[in-house]
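This report walks through selected parts of one protein chain, going from a sheet to individual residues. Please keep the sequence and the structure at hand while reading.

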Amino acid sequence: MGQPSLPPPPIAPAPPQPLPPPAQVGAVATGGCQVRCAGCKMVLTVLPGLTEFVCPTCQLPQMLPPELMRSTQAQAQAQQQRSAPAHGIDPTKIQLPCANCKAILNVPHGLSRFNCPQCLISLAVDLSKIGQVLPSVRPPLPPEEVNEVAIEVEREEDEGGLAGETFMDYDMYGKAAEFWAELRVELLSASMFLANEKPNSSQIWRLYWANHQRFFRHMCMSAKVPAVVRLSKQALVEDKCVVIGLQSTGEARTEEAVTKYGIELDDFVSGPRELLLKFVEENYPLPDKPEAPPEDSVKELQRKRHSSTPDVSFAGRVRKVAKWDAESEEESEWQSETDTEPETESDDEFQICNICNSEEERKKLLQCSCCSQLVHPSCLIPPVVEVISGDWSCHSCKEKTEEYLRARQAYYEELLKRYEAALDRKLKILEIIRSLDLPNNPLDDIIDQLGGPDKVAEITGRRGMLVRASGGKGVTYQARNTKDITMEMVNMHEKQLFMDGKKLVAIISEAGSAGVSLQADRRAVNQKRRVHLTLELPWSADRAIQQFGRTHRSNQASAPEYRLLFSNLGGERRFASIVAKRLESLGALTQGDRRAGPSLSAYNYDSAYGKRALMMLYRGLMEQEPLPIVPPGCSLEKPDTIQDFILKGKAALVSVGIIRDSVLGNGKESGKISGRIVDSDMHDVGRFLNRLLGLPPEIQNRLFELFVGILDLLIQNARVEGHLDSGIVDMKANRIELQGTPKTVHVDSMSGASTVLFTFTLDRGMTWESASTLLEEKQKDESGSSNNGFYESRREWMGKRHFILAFENSASGMYKIYRPNLGESIREMPLAELKDKYRKLSALEKARSGWEDEYEVSSKQCMHGPNCKLGNFCSTGRRLQEVNVLGGLILPVWGTIEKALSKQARQSHKRIRVVRIETTLDNQRIVGLLIPNAAVESVLQDLAWVQDIDDE
């Protein structure tokens, strides 16, 4: 390997990690690539060989995803071949020796940490010494902590997995969604033929939607397999071990495939494919296969009819019976003894030809075996001249019999044709399913990609698994247990291998991990830090917490790292919603403890606000009332984009069965879709999120973003009105100061603990200097809206006009509002409302004068003016706000405080709110109950009354 011209600097143990060099904004350089910044969304150009960089606009440190790293490395290699440098030297990188094995390594510019490919030791670049020998290297920026996970999630959600980490194959998912929509139409048309024959079609649709949800949940879980494998390998490189949690193992589908195809297969079983095949094979509505009619001839059919038909007419039988009753006993005896004449001889007087009505030549009359009519052979046309020895049928009966046989055969052929056509459609659907590109079983796929069963401990409830053959071609089904280990003990054996460090990856399911502890126990050999990856959340939050607890227990050497993986599909939030709803009911974990991390309330869509948001979304799409916000990807300046979104949204809801009895309009209503949404669906958030999974990703995410936007608007309005129960609320302001000495208002007689009243002064305003600086920063962004800037209210309020600063929120399309007296407003404003209530100012001097005047006035009075009925108790619109917080001992006097607040006139003052407030100067933090200014006197009086009772 060639040597560099200058002596390379040594590689020392890792110093504090500096930020990588910045990327460039502009056109793509030769051999470079373009990425979008996860912070400011600017398009950046990353030079070849550079894997870590800093955005020059927002100074956010970032790194290239693995896919782009490989592409940049390939480009760098191609460039190296073109320039033909010395053997082993990459001119686009820095040549540095490994501190352990002394091998010369080609290190990309900006890469500060890496592993030696020969000795696998973790190395870090000493940038201070590199600056001495390589002065061209840009000096590093001040060190800053980088949240790589947050950056990664931001990129994946913003760009939909198309660049960087591909969390979802949109093409595969879109084709699967289209197939399910076509399958629904096929089932509808097939069920129409059986509407009267099989009334259990509702059972088909229950199974359809159950399999629909299960199928797309498998798709979402399979889409996260590459991320699980990448994070697992990264944790192993960092000398950690991995625990992967899931719920479903796909054992049922695997066993069905093995029973159907044998124990040797070409590849791992695809759970979604087998689920679809089973559903169609067992539930496709086929008509009953018709039975072939018996091959009866005309004479045979006539004989059967003759055997069930009397020989003579009803009248003849009546007369014959009557005549027999009139006979004497002697005549009867004489007839019984002689018995030489036929039985019908006594009826000869009634045998006449039905054609000529003559009684002549009665013995020559022919009787039809079907209708029993009597005719002369000579009366027939043409006449019958031969002797008839057997059964004979007249011409009309013969024609009717032949016609019946033809009709019966045609009916049978029609039924057979309908059955064969339905069977052919079913077989074609099965062929389409087999040709779909669907993912393999995630459990088998993960084990295979992480080294196979020899490297991964499986602690699940399944009895067998598919293992890749030694040659690499095909897979074989084998039992998990061996001769030495029974099926009951296989999970404990796998657990012990993991705890002994012989296997560093464990996969657990709910069924197999009961009673299993996998924490970094100080008594175990494997005390490496656990990285717990949750591939699939359970339906119950209690079970989720239980599975998390497998790796987080007492006597552990280190706490685990938890990573919950979500794809960027809106429909998958359904599963997080179920868990979040339950977790929020636990209270302290998600609301009371600030160490619990980010609240899961962002995923709890199945709430009262979620139901209202869904109803508003449905009514907006059905054009019963306008949508409360602009749909994503649309603009009020282009109404056609909103109409196009509504049309696509209707079509999407029709395809998943939410809009029923849909009709496509004609004439003036051409292209419009009409229908109805049943009342039970109008508030069913769970069904909405379930059905969303069956839509193509583009319209799925747009509908979900619209739903979340409406939900956020409702929550913001509730928060402004004081109706939102958000647990412990952090009170924020530019300046927070404690007024005077806290006042003790109650002392508990039993414990001696006291209840203390704290009074704070909050300055919520925004100075003109801060507002103008913020506007200048926004104007530097070329992608900013032309509507950004200062505005003046069109109407006067209390003889004055109000001034605001508005910026477009690129995520929601709404406008953030900043006021001189309140700073940033919680509620965002649509562009239409902004232009209706305010006019944009082009003269900054006028904006400055009005802004500073409102800033000063709001420090002394509320927005209602000096004659406000509440006087100093009113804080609406006041910049300087007095806040009273009751801290210390709270629970014994909770009922008293609640009773005192219930007497207040304003609805927002009646509810107890727990707040957390921190002073800006000395960082003193207080947690307590927020007491409205108007209610302080009433609360203190009731507490004094309680104190008197305690003293007595």
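Across which strands does helix α6 lie? In this predicted model, helix α6, made of residues 225-237, lies across β9 (241-245), β16, β17 (530-534) and β18, and runs at about 155 degrees to β9.

## The chain as a whole

The chain contains 27 helices and 32 strands, and buried residues account for 45% of its 952 residues. Among the contacts between residues at least 6 apart in sequence, 65% join residues that are at least 24 apart.

## A five-stranded parallel sheet

The strands that α6 lies across belong to an open sheet of 5 strands, whose order is β13-β16-β9-β17-β18 and whose pairing is parallel. At its edges are β13 (456-459) and β18 (561-564), each of which pairs on one side only. Direction ignored, neighbouring strands of this sheet are turned by 20 degrees against each other on average.

At the β13 edge, 4 bridges join β13 to β16 (residues 505-508), and these two strands run parallel. One residue pair can be named here, since Glu 458 has Ile 507 in β16 as its bridge partner.

## Helix α8

Helix α8 comprises residues 271-283, and its length can be checked against expectation: at 1.5 Å a residue, its 13 residues should span 18 Å, which agrees with the 18 Å that separate its end C-alpha atoms. This helix is mostly covered, with 10 of its 13 residues buried. The buried residues are Gly 271, Pro 272, Arg 273, Glu 274, Leu 275, Leu 276, Leu 277, Phe 279, Val 280 and Asn 283.

## The contact between α23 and α25

Helix α23 (residues 768-780) and helix α25 (residues 844-857) have axes that come within 10 Å and cross at roughly 140 degrees. An angle over 145 degrees would count as roughly antiparallel, and 65 to 115 as roughly perpendicular; the two helices are therefore oblique to each other. On the α23 side the contact is made by Trp 768, Glu 769 and Ala 771, and on the α25 side by Leu 844, Ala 847, Arg 848, Trp 851 and Glu 852. Sorted by class, this contact has 5 nonpolar and 3 charged residues, and no polar ones.

## Two loop residues with positive phi

Asn 555 lies in the loop between α15 (541-548) and β18, the latter being an edge strand of the sheet described above. Although Asn 555 is not a glycine, its phi is positive, at about 60 degrees. Its relative accessible area is 36%, and Asn 555 is thus partly exposed.

Glu 623 is found in the loop between α18 (608-621) and α19 (639-655). Its phi, near 60 degrees, is likewise a positive value in a residue other than glycine. With 39% relative accessibility, Glu 623 counts as partly exposed.

## Val 663 and its surroundings

Is Val 663, at 48% relative accessibility, to be counted as buried or partly exposed? Buried would require under 20% and exposed over 50%, so Val 663 counts as partly exposed. Its place is in strand β19, which covers residues 660-664.

Leaving aside residues up to four places away in sequence, Val 663 touches Lys 672, Ile 673 and Ser 674. Of these, Ile 673 is 10 residues from Val 663 in sequence, and the C-alpha atoms of the two are 5.7 Å apart in space.

Note on methods. Residues numbered from 1 in each chain as written. Predicted model: local features only at pLDDT ≥ 70, side-chain atom pairs only at ≥ 80, totals over all residues. Heavy atoms only, no water. Pairing = 2+ DSSP bridges. Axes fitted to C-alpha atoms, helices over the stretch in contact; angles between N-to-C directions. Contact = heavy atoms within 4.5 Å. Parallel < 35°, antiparallel > 145°, perpendicular 65-115°, else oblique. Nonpolar A, V, L, I, M, F, W, Y, C, P; charged D, E, K, R; others polar. Expected span 1.5 Å × (residues − 1). Buried < 20%, exposed > 50% of the residue type's maximum accessible area, 1.4 Å probe, protein only.
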